[in-house]
Amino acid sequence: MAILSAQSLLRTLSLFHLTLSYYLFTSPSTIASQNLVYVLGAAMDIPDPPISLSTPSPASTLAALFLALFAISDLTSSGLPEEVGSHYWSSQAPIRLTFFFAVTGYSYAGKPGGLWGGKGRREGEVLCNSVVFTWGFLEMLWWFWIYVTLRDEKRELMVKVQERRKAEEDRL
């Protein structure tokens, strides 16, 4: 049995997305100046975010809108009945986990001096900074936790179903 249910984890993640959306919309520099962003970026030798994150920009506003959309959608979906929600999130969690693994990997491999990083500035390098890496890494960890919790809850549900069927067979 998990400490937190998958529904609690999903709701918490949705509220985190809403908070992140608010800060991206109003003050992106608050996110860029967080200690966790700095520590992970420095530990992985990933450059700091571009200066464009110091004030709200069209890109940060668009990211804020997408995060708000995902947060509201996920918050609504986390209230689905247990059986329906289990099927929905069991298909969503691995996809999102894989996506954020790719984002984190690209952000790390594309850094200057990295596997794909060159000496010159490329268009894709805007994604190779400590903010994107930290966001992808935390999302990847969170979705892995949700995935593991969902599998545990599914196993427990199957055990209950088998016990109920066995009890019904014994009555007959």
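Which residues do ring pairs link into a cluster? In this predicted model, the cluster joined by ring pairs consists of Y88, W89 and W143. Two of these residues recur in the nonpolar interior, since W89 and W143 are both listed among the members of the largest nonpolar core.

That core comprises 12 residues, namely A6, L9, L10, L13, W89, A93, L97, F100, M140, W143, I146 and L150. The elements that contribute two or more residues to this core are the helices α1 (6–26), α5 (82–109) and α6 (130–171). Apart from it lies another core, made up of 8 residues, which include L20, V37, L53 and V131. As a general background to such groupings, nonpolar side chains in soluble globular proteins tend to be buried together. Within the largest core, the surroundings of L9 may be described in further detail: when neighbours within four places in sequence are set aside, L9 is in contact with L4, W142, W145, I146 and T149. Of these partners, I146 is itself listed as a member of the largest core.

The aromatic residues were examined next. A search of the whole structure finds 7 aromatic pairs. In one of them, the ring centres of F99 and F100 lie 5.2 Å apart and the ring planes meet at 75°, so that the pair is classed as edge-to-face. The two partners differ in their exposure, for F99 is partly exposed, with a relative accessible area of 48%, whereas F100 counts as buried at 9% relative accessibility, the limit for burial being 20%. F100 also forms an aromatic pair with W135, and this pair is again edge-to-face, with a distance of 5.1 Å from centre to centre and an angle of 90° between the planes. This second pair links distant parts of the chain, given that F100 lies in helix α5 and W135 in helix α6, 35 residues apart. W135 counts as partly exposed, because its relative accessibility of 29% falls between the limits of 20% and 50%.

A further buried position is found in helix α4 (residues 58–77), which contains A71. The relative accessible area of A71 is 0%, and the residue is therefore classed as buried. Leaving aside neighbours within four places in sequence, A71 is in contact with S14, H17 and L18. The C-alpha atom of A71 is separated by 8.6 Å from that of R11, although the two residues are 60 residues apart along the chain.

Definitions and conventions:
Residues numbered from 1 in each chain as written. Predicted model: local features only at pLDDT ≥ 70, side-chain atom pairs only at ≥ 80, totals over all residues. Heavy atoms only, no water. Core = buried A, V, L, I, M, F, W, Y, C linked by side-chain atoms within 4.5 Å. Buried < 20%, exposed > 50% of the residue type's maximum accessible area, 1.4 Å probe, protein only. Helix = DSSP H or I, 4+ residues; strand = E, 2+ residues; numbered from the N terminus. Contact = heavy atoms within 4.5 Å. Phe/Tyr/Trp six-rings, centres within 6.5 Å; stacked < 30°, edge-to-face > 60°.
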